[in-house]
Every structure is written in structure tokens, then in C-alpha cells.
Amino acid sequence: MRLLKLSLRTRIFISMTILVLLASILIAAVTIYQYKEEAEEYHQGRLERKEERIQITINNVLKRTTYPINEENIALIFREKQRIYQISEEHSMPINIYGLSGELLVKSEGLFAKDTTDIQINPVILDTLASLFNKKYLVKSEKNGERFLTSYTYITDVRSKPLGILHLPYLEDDDLITRELLQFLQRLGQVYLLMLLVAVVLAYFLSKYITRSLKTISETIDQTRLDKRNKRIDIGDASEEIYSLVNAYNSMIDELEESAAMLAKSEREAAWREMAKQVAHEIKNPLTPMRLTVQSFQRKFDPRDPNIQQKVQEYSDTLIQQIDTMSSIASAFSNFAQMPAQKSETLDVVKIIGLALDIFNEDYIIFPSEKEKIIAKFDRTQLIRVVTNLVKNGIQAIPEDRIPKIIVDVFSENGEVLITVSDNGIGITEENTKKVFEPKFTTKTSGMGLGLGMVKNIVETYNGSITFTSKEGKGTVFKVRFPKE
């Protein structure tokens, strides 16, 4: 499972290195196995050749002997003139001759190997030898730490009548073959060490080449966002699979752009429809009293009425009041719809906030104007709009039965400007905390609720943020942050 969590580049590198290691181990194992097979074939072939030559020599001895050729005289025939020793010395091999019942009759001296001769042949070997067609049986054994390949075969007369059993213990001396094997493995190890180094370097660059395109695709996918224009991937040399992946991603980006454009258009249309409904509703509110006032004026108008001037003034004041209401509604909508231009004016934030607060006559608005300058880049007009909207919102949130208090402050913090506006108003209920910055949300009996939405729009345009903390019945603190640069 840990291997699956590694990067593709690392897995390719490790896999190629392990592949070369496994190949070298496999070839070494096959080589050792092949050498052992060849050694066994070599020893067996050599023993068979010696056995054939010894059999020929034995047949010649039987032809020249003066003893009657039978099982009882076999020991005498080969002891005569020490023929058994001559044959052993001639063929450089110990020779033992057993009777047909398995007892040892005669043997050469152990000149070439330690004397490990058995006095009696194992009955299993006797039975096996008797049952074989070619009357030849090979046995592998180990005595005194040495490995023997032993041959059992019948000694026969000219009529193929068995006279005895020829026993040839062949010592398997693998020193020469082992030395050759070690030398070969040493050379093979040097070659594979060089191949391993080449494979490591090749794996490094090959994995880097293979994953380079994938890394580019991964980085581009990580930067893909629904709310911005995404870049298409353009890769030069790459495999067919990578091209297929890139084409699939580019097609997805094209479809995403189209979907995002359609979604944005749909959302804008829905937002403006909702805004139009809200504006129409707000405008209808003053139109109704205006209509009723005009209709009443038409019915009750009497030029001869001595109080005609007072009544005309009352009717006029009513109409003007309702007209002002509609004008304020139109102004609020116009201010919200107007997107702030991203100007980068270098200004003193403390001074601009002071200018924004000069339009208010309320003496309960507190601002420490003796603060040091805080220089930042922002639009002068938009900053005034932010401050005035927050202060107006605070004034309107304070009930009439409470001594009002609004504190405006500004700080410089970690390369950012922090503006706070706190009031001791009614606060914001928990259910309304998520709706505060919605364009059409308001808890007041008048107005359209566009002020805080506009403030949020302005601040975010300048890579800033606006947050608030509120305690119901005690007040609210709004915090505006934006970078100095």
C-alpha cells in the first residue's frame, strides 16, 4: 500500500532498478544451476568412459588367464600378478569386485581416495542391478564429507554369464568447475553492476521524461477553477496516451467555459430579475399614497376654501416626501449596480476616514483622528462609500430608547489595513448572520438592503475582506481588511 502512495516517477525508477536486480539474480541462479547440471553430466560421462575401458581390460585379463573362468575363481584371477592393482593404476581409479551375492572379493588399494569400500553390497542395490536391462546401476553417495558417483555393473564371460560385480567409486572433484563458476560469476557481477548503474541513470531520466508531461497536466488541473478563465494545456513531445489525456482535459475546459458562461449569465439574469422585482415593489409603496393624495385632492379641491393654501401645502409635502423616497430607492439601486473601478490611489486612510465622517453631525460617532498616517493604495471615493455605509448601518441599528454610540477605528496590521466600525445597536440574530451581505436582505422598514452588499463588493474588488461579530441586543462590530499594496 505504501508503494501505491509513491509518485509515478519514483515507482518507475524503483521498478526499473528492481527489474535489473532481479534479472541479474535470475541469470546468476540459472548459471549456477547450469554449471551443476554440466558438472553432473561431465562426471557421469567420465565415469562411463572409464568403466568401458576398465571392462575392456577385464575382458582381456579373462582371456589370458589360466584359471577356469567362473565365479569361484574371480578373486584368484585378479589377485594373480596383482592384476587388480595394475588395472587400478592404469585407469587412475580404485576398483572393487564383489561376488554375485554381494560380498567383497577383491579390491585395489585406496591410492586415489580414502578407503570407503563396503564389505557387503546393499541388498536393494543387488536387486535393482539384477532387474535392470543393461545391468548397470549408478548410485550417488557421500562419505567422510566427499561426494561419490558409484557404478555397479556385472563382469561376464564370453557367454554373458555373470561372474561378479564391478564396483567403481568415482570421487566427484568439483574444485576446477567451482573455480570456473566463481570466476564467471565475478565477471557477470561486474557486468551487471555496470548495467545497474546505467539502469539507475536511465531510469532517472526516463521517469523524469515520462512524468514531466503528467506533472504539467497535474499543475494545470490544480489551478482549474470554475470562477475564472482556465488555460488549455499545450504539450510538445509526448506519448499518444498523454496526448489523449491532454485532449480530454482541453475538451473538458472548453465545455466548462461554456457551462460557466451560461451559468453566470443565468445567475446574472436571475439576480437582476430579483432586483427588478424588489425595485418595483419598493417603488409601488410610495406610489399608492401619492395616488390616494391626488385623488383626495381632486375630490376636495375648493378654490373658495379659506384653508386652501394650507391644504395645498400639505398635499405638496406628501407628494414631495414620497418622491424623495422613490429617489432614494433609485439612488441605492444605482450605487449598487455601479461596479467600483480598480483605481490604485496612494492615500492616507486615516485622513480619508475623517473626511467620510465629516458628513455626519451625530456627536456620538467617535474616531481618534490623532492617529498616525496609514498609507495604502485604494480608491478615495470607494473608501468613503465603505465607511459611510457602515456608519449609516450602525446608526440605523441603534434603537431610540438607547444612548447611541458608534466607534470607528483604523489600524495597520501585518501589511494590511484594518478598519473597525462598532455600534451598540440591537445586533444581528443568529438566523440572519448568513444573509447580512445578500443584496436584497434588510431588517429595516425602509430601504432596499443594498448597502452592505455594495461594501462587500467594493472591498473584495481590492483583494480585501469584510467580517463581523455581533451579540444580539448589545451591538455589532464590522471589520474591513485590505492590503496596503
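Which residue in E12 is the bridge partner of Ile 466? Select Ile 466 and look across to Val 480, its bridge partner in E12. That's our way in.

Some ground rules before we move on. This is a predicted model, so local features need pLDDT of at least 70 and side-chain atom pairs count only at pLDDT 80 or more, while totals for chains, interfaces and linings use all residues. Residues are numbered from 1 along each chain as its sequence is written, and side-chain values use heavy atoms, with hydrogens and water left out. The element labels are DSSP runs numbered from the N terminus: helices are H or I with at least four residues, strands are E with at least two.

**Stop 1: the mixed sheet**

Select 465–471 and 475–483. These are E11 and E12, which pair in the antiparallel sense over 7 bridges. Two strands pair here if DSSP finds at least two bridges between them. Now bring in the rest: the sheet is open, has 5 strands in the order E7-E9-E10-E12-E11, and shows mixed pairing. At its edges sit E7 (365–366) and E11, each pairing on one side only. As a reminder, strands of a sheet pair through backbone hydrogen bonds, either parallel or antiparallel.

**Stop 2: the helices on this sheet**

Pick 380–397 next. This is H10, which packs on the sheet and touches E7, E9, E10, E11 and E12; a contact means heavy atoms within 4.5 Å. The direction of H10 makes about 170° with that of E12. For angles like this, axes are lines fitted to C-alpha atoms (for helices, over the stretch in contact), and the values run from 0 to 180 degrees between N-to-C directions.

Then select 349–357 for H9, which lies across E7, E9 (406–413), E10 (416–423) and E12, running at about 165° to E9. Colour H9 by accessibility and you'll see that 7 of its 9 residues are buried, with buried meaning under 20% relative accessible area, exposed over 50%, and partly exposed in between (1.4 Å probe, protein chains only). The buried ones are Val 349, Val 350, Ile 352, Ile 353, Gly 354, Ala 356 and Leu 357.

Zoom in on the start of H9. A side-chain oxygen of Asp 348 comes to within 3.2 Å of the backbone nitrogen of Val 350.

**Stop 3: aromatics**

Show the rings of Phe 378, Tyr 462 and Phe 482, which form one aromatic cluster. The whole structure holds 3 aromatic pairs. Phe 378 and Phe 482 make a tilted one, at 4.5 Å centre to centre with 50° between the planes. The rule: rings of Phe, Tyr and Trp (its six-membered ring) pair if their centres lie within 6.5 Å, with planes under 30 degrees apart counted as stacked, over 60 as edge-to-face, and the rest as tilted. Follow the chain between these two and you'll cover 104 residues, from Phe 378 in E8 (375–378) to Phe 482 in E12. Phe 378 is buried, at a relative accessible area of 1%, and Phe 482 is buried with 1% too.

**Stop 4: salt bridges**

How many salt bridges does a search of the whole structure find? There are 5, each one a side-chain nitrogen of Lys or Arg within 4 Å of a carboxyl oxygen of Asp or Glu.

- Select Glu 416 and Arg 481: their closest N and O atoms are 3.6 Å apart. Glu 416 is in E10 and Arg 481 in E12, 65 residues apart. Both count as partly exposed, Glu 416 at 28% relative accessibility and Arg 481 at 27%.
- Select Lys 456 and Glu 460: here the closest N and O atoms are 2.6 Å apart. They are 4 residues apart in H11 (451–461), so about one helical turn separates them. Lys 456 is partly exposed at 26%, as is Glu 460 at 42%.
- Add Glu 413 to the view: salt bridges with shared partners join Glu 413, Glu 416 and Arg 481 into one network.
- Select Arg 83 and Glu 80: the closest N and O atoms are 2.9 Å apart. Arg 83 is buried at 12%, whereas Glu 80 is partly exposed at 21%.

**Stop 5: the antiparallel sheet**

Finish on the open sheet of 5 strands ordered E2-E1-E5-E4-E3, with antiparallel pairing. E2 (104–107) and E3 (136–143) stand at the edges with a single partner strand each, so one side of each has no neighbour in the sheet. Neighbouring strands are turned by 25° against each other on average, direction ignored. Select 96–98 and 162–171 to see E1 and E5 pair over 3 bridges, with Leu 166 in E5 as the bridge partner of Ile 97.

Technical notes
A polar contact is a pair of N or O atoms within 3.5 Å; within protein, one must be able to donate a hydrogen and the other to accept it, and residues adjacent in sequence count only if both atoms are side-chain atoms.
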